[in-house]
Amino acid sequence: MDVRFDLPETDAFTRLYWDAAAEGRLLIRRCHTPGCGRAHHYPREFCPRCWGEDVTWEGASGHATLYTWSVVHRNDLPPFGTRVPYTAAVVDLAEGPRMMTELVDHEGVVLRPGLPLEVAFRERAEGVTVPVFRIRQVP
């Protein structure tokens, strides 16, 4: 069996997140501890800021801005080597959290911090769908 490094390990806690992604929805976690109220990503069962445990899932808008990126031209981990070049990115979600992702469909666009983005979803092997981001056309 070939080992793949692009598929998430789902468990009972993250199943809701991956099921929502398969439906084209991005979820984040929000703390409801008095005095906190912050959203976070990656999903955790507690708030990484106040350590509160009153945390729930909520739908994200799918809007973000580009924080930083790197075009990857070489990657020896399967199956990334067959996908190069690709753009690894860190984005700031409109709700506040920062998220690692992939930037897609940006050929011919000069990338810059603060560039408006929107979530898209890409189906991977074994039926897993992952959120990626593309340039958002601002009216």
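In what order do the three strands of the open sheet come? Good morning, everyone, and let's answer that together. The order is S2-S1-S3, and the pairing is antiparallel. Please keep in mind that we are looking at a predicted model.

As for the edges of this sheet, those are S2 and S3, each of which pairs on one side only. A quick reminder for anyone who mostly works at the bench: strands of a sheet pair through backbone hydrogen bonds, and they can run parallel or antiparallel. In our case, S1 covers residues 27-31, and five antiparallel bridges link S1 with S3. If you would like a place to put your finger on the screen, find Arg29, which stands opposite Trp57 in S3.

Let's stay with those two strands and turn to charges. Side chains of opposite charge can pair when their charged atoms come close. How many salt bridges does the structure hold? The count is six, and I'll show you some of them.

One of them joins the side chains of Glu58 and Arg30, with 2.9 Å from N to O. Glu58 sits in strand S3 and Arg30 in strand S1, so this pair ties together parts that are 28 residues apart in sequence. Glu58 is partly exposed, at 23% relative accessible area.

Another salt bridge brings together the side chains of Asp76 and Arg74, at 3.6 Å from N to O. Are these two buried or exposed? Asp76 is exposed, with 62% relative accessibility, and Arg74 is exposed as well, with a relative accessible area of 68%.

Then there is Arg98, which forms a salt bridge with Asp92; their closest N and O atoms are 2.6 Å apart. Arg98 is partly exposed, with 41% relative accessible area.

Now for charges outside those bridges. Which residues form a negative surface patch? They are Glu9, Asp11, Glu45 and Glu53. Let me pick out Glu53, which you can find in the loop between strand S2, residues 39-40, and strand S3, residues 55-59. Glu53 has a relative accessible area of 70%, so it counts as exposed.

That loop between S2 and S3 deserves another look, since some backbone details turn up there. Tyr42 lies in this loop, and a cis peptide bond joins His41 to Tyr42, with omega at about 20 degrees. Trp51 is found in the loop between S2 and S3 too. Its phi is near 65 degrees, which is a positive value in a residue other than glycine. Trp51 is also exposed, with a relative accessible area of 63%.

Moving further along the chain, where is the other cis bond I want to show you? Val84 and Pro85 are joined by a cis peptide bond, and omega there is about -5 degrees. Pro85 belongs to the loop between strand S4, residues 63-72, and strand S5, residues 86-93.

My last stop is Asp105, in the loop between strand S6, residues 98-103, and strand S7, residues 116-123. What is the phi of Asp105 near? The value is near 55 degrees, again positive in a residue other than glycine. At 56% relative accessibility, Asp105 counts as exposed.

To take one picture home, think of the S2-S1-S3 sheet, with Glu58 and Arg30 meeting in a salt bridge between strands S3 and S1. Thanks for listening, and I'm happy to go back to any residue on the screen!

Conventions:
Residues numbered from 1 in each chain as written. Predicted model: local features only at pLDDT ≥ 70, side-chain atom pairs only at ≥ 80, totals over all residues. Heavy atoms only, no water. Patch = residues over 30% accessible without salt bridge, like charges linked within 9 Å, V, L, I, M, F, W, Y side chains within 5 Å. Areas by Shrake-Rupley, 256 points an atom, 1.4 Å probe, with all protein chains shown as cover. Salt bridge = Lys/Arg side-chain N within 4 Å of Asp/Glu carboxyl O. Lys, Arg positive; Asp, Glu negative; His and termini not counted. Charge placed at Lys NZ, Arg CZ, Asp CG, Glu CD. Helix = DSSP H or I, 4+ residues; strand = E, 2+ residues; numbered from the N terminus. Buried < 20%, exposed > 50% of the residue type's maximum accessible area, 1.4 Å probe, protein only. Pairing = 2+ DSSP bridges.
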